Amino acid sequence: MPLHRIFIAVDISDKQVLANLAKYVREIVSTGADVKPVEEENLHITIRFIGEVDDQVVSRVCDAVKSLRHQVFLVHVSGVGAFPSVDRPRVVWAGVSEGSSELARIHDFYEEKLRKLGVQPDREEYIPHVTLARVRSNRGISELVRLIKASTGVDFGSFTADRVVLKESFLTPRGPIYKDVCEVELLK
């Protein structure tokens, strides 16, 4: 039985916010650091990465995704940081200043549902963010660190989160391709 690599996410529905994020991703690349940038069409806020599961689990997770009842809310994307830290970046991200408590509540709702389905609990504390690039090596890292430190106050704009999507990720040599599996509309 084939396995599906899935995750729950909120898409960034505003074209200007996406354009602002994509412009910043180009700035990251221009530092010369050895990074794998996230393509504009793949920028999103992950609610919960689930991993590789079979068809049955995908179906049950879809039911869980659709069971959410939550109002639409504003998400303000601002600031830049890195995991595990700015001085040792492995993942460069844009932060969420407004809407993070709503995203955390949605994460906790799904965390409980997934646990009942036998999905391993999240190992890390949930921090809402948009992944912009993954660092592959330390080449050019000092320029990247300088850019991140200079970008803590950057404002990418706001959008209304109006749906939550279960996505499947297909890994290709050129990067992942995401396909929507199912979704739930948030309440107006």
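# A disulfide, a core and a helix pair

Q: In this predicted model, is the link of C62 and C182 left-handed or right-handed?
A: To find the handedness, look at the rotation about the S-S bond. For C62 and C182 that angle is -130°. The link is therefore described as left-handed.

Q: How many residues apart in sequence are the parts that C62 and C182 tie together?
A: Let's place each cysteine first. C62 belongs to helix α2, residues 55-66, while C182 belongs to strand β9, residues 177-185. Their sulfur atoms are 2.1 Å apart in the disulfide, and a search of the whole structure finds one such link. Because the two cysteines sit in these two elements, the parts tied together are separated in sequence by 120 residues.

Q: Which helix gives the most to the largest nonpolar core?
A: The largest nonpolar core has 55 residues, and I8, L21 and L166 have the most contacts inside it. Six residues of this core come from one helix, spanning residues 15-30. That top contributor is helix α1.

Q: On how wide an arc around the axis do the buried residues of α4 lie?
A: Helix α4 runs over residues 141-149, and its buried residues are I141, L144, V145, L147 and I148. A general point helps here: an α-helix has 3.6 residues a turn, so residues three or four places apart point the same way. The buried residues are on the same side of α4, because they cover an arc of only 160°.

Q: At roughly what angle do the axes of α1 and α4 cross?
A: Two packed helices are described by the angle between their axes and the distance between the axes. On the α1 side, Y24, E27 and I28 make the contact, and on the α4 side L144, L147 and I148 do. By class, this contact has five nonpolar residues, one charged residue and no polar ones. The axes come within 9 Å, and they cross at roughly 145°.

Q: Is L132 buried or exposed?
A: L132 is found in strand β6. Setting aside residues up to four places away in sequence, L132 touches several others, including L21, Y24, V25 and I28. Its relative accessible area is 0%, under the 20% cut-off, so L132 is buried.

Q: How far apart are the C-alpha atoms of L132 and E102?
A: Along the chain, L132 and E102 are 30 residues apart. In space, the separation of their C-alpha atoms is 21 Å.

Conventions
Residues are numbered from 1 along each chain as its sequence is written. This is a predicted model: local features need pLDDT of at least 70, side-chain atom pairs count only at pLDDT 80 or more; totals for chains, interfaces and linings use all residues. Side-chain values use heavy atoms; hydrogens and water are left out. A disulfide is a pair of cysteine sulfur atoms within 2.5 Å. Helices (H or I, at least four residues) and strands (E, at least two) are DSSP runs, numbered from the N terminus. A nonpolar core is a set of buried Ala, Val, Leu, Ile, Met, Phe, Trp, Tyr and Cys residues joined through side-chain atoms within 4.5 Å. Buried means under 20% relative accessible area, exposed over 50%, partly exposed in between (1.4 Å probe, protein chains only). The arc is that of the directions from the helix axis to the C-beta atoms. Axes are lines fitted to C-alpha atoms, for helices over the stretch in contact, and angles run from 0 to 180 degrees between N-to-C directions. Contact means heavy atoms within 4.5 Å. Ala, Val, Leu, Ile, Met, Phe, Trp, Tyr, Cys and Pro count as nonpolar, Asp, Glu, Lys and Arg as charged, and the others, Gly among them, as polar.
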